[in-house]
Amino acid sequence: MSLAKAFFDVGLFTNQRDAQQRFWSEQVGLPFDHTLKLGGGILQHRYSAGEAVLKLNDARDPLPSPAAMPIIEILVGIDGLTQKRALQDPDGNRITLLPAGTDGITGLAVRLRVAELDRSQRFYTDVLGCDLLAPGTLRCADARILLEQGETPASDDQPALAALGLRYLTLQVFDCDLAYARALANGASGAREPVTLGSTARIAFIRDPDGVWIELSERASVTGKPVA
């Protein structure tokens, strides 16, 4: 898959806007960029982690709380940090701060719990074009995805995208429709077909074998071309 940006973004949903904003600004130290209105009572507050973006989706209505989530941790590479720090955000999500460059991690990385390591490695290499650096360690352009084998919820028990916690990854692509079609052809599960969001972006969603939502985003400000 041809990516328009070397780092993926990470999206989470919350009903605790003020506490989460303080956490990401003050405890993690990510600079706030801007807020987008997504509709349906959701505002997206965007925080920069180098080229990556932490997407804090603030929901007006109460969100369901899944018993387990495939994205179990965000790792953040921080310039000037001298030692690892383990944190939890106000919703209990695991956040680990690392000196930038530790194990190749800059910007944002994620740790995923997967039912079958080999199956997930094939998905991320064959569908998304990631490089397998070592068992359980993948390079997605310049970012890292870490896989941890363990028990995962059955697909019928996985909630919709808008639920509390760490919910999705965003890959910036040059052509959303083409990326979506190729992902399906290579075995991905389609979750939402491509749609256009005004003049901002054209997006679609696929899901990995363990239910992680993956957004394919053709964002005008990243690709440098208008949204079709």
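**Aromatic pairs in the predicted model**

Start with tyrosine 47: its relative accessible area comes to just 2%, so this residue counts as buried, the cut-off for that label being under 20%. As a caution, the structure discussed here is a predicted model. Across the structure there are 6 aromatic pairs. In one of them, tyrosine 47 partners with phenylalanine 32; the ring centres sit 5.5 Å apart and the planes meet at 65°, so this pair is edge-to-face, given that angles over 60 degrees fall in that class. The two residues come from distant parts of the chain, with phenylalanine 32 in strand 2 (residues 32-39) and tyrosine 47 in strand 3 (residues 42-49), 15 residues apart. Phenylalanine 32 has a relative accessibility of 43% and is therefore partly exposed, whereas tyrosine 47 is buried.

Another edge-to-face pair brings together tyrosine 168 and phenylalanine 205, with 6.0 Å between ring centres and 75° between planes. Since tyrosine 168 belongs to strand 12 (residues 165-172) and phenylalanine 205 to strand 14 (residues 201-207), the contact ties together parts of the sequence that are 37 residues apart. Here tyrosine 168 counts as buried, at 4% relative accessibility, and phenylalanine 205 is buried too, at 5%.

That second pair also has company. Tyr168 and Phe205 join Phe13 and Trp213 in one aromatic cluster. Phenylalanine 205 has a charged neighbour as well: arginine 192 lies over the face of its ring, 5.7 Å from the ring centre.

Notes: Residues are numbered from 1 along each chain as its sequence is written. This is a predicted model: local features need pLDDT of at least 70, side-chain atom pairs count only at pLDDT 80 or more; totals for chains, interfaces and linings use all residues. Side-chain values use heavy atoms; hydrogens and water are left out. Rings of Phe, Tyr and Trp (its six-membered ring) pair if their centres lie within 6.5 Å; planes under 30 degrees apart count as stacked, over 60 as edge-to-face and the rest as tilted. Helices (H or I, at least four residues) and strands (E, at least two) are DSSP runs, numbered from the N terminus. Buried means under 20% relative accessible area, exposed over 50%, partly exposed in between (1.4 Å probe, protein chains only). A charge sits over a ring if NZ of Lys or CZ of Arg is within 6 Å of the ring centre and within 35 degrees of the ring normal.
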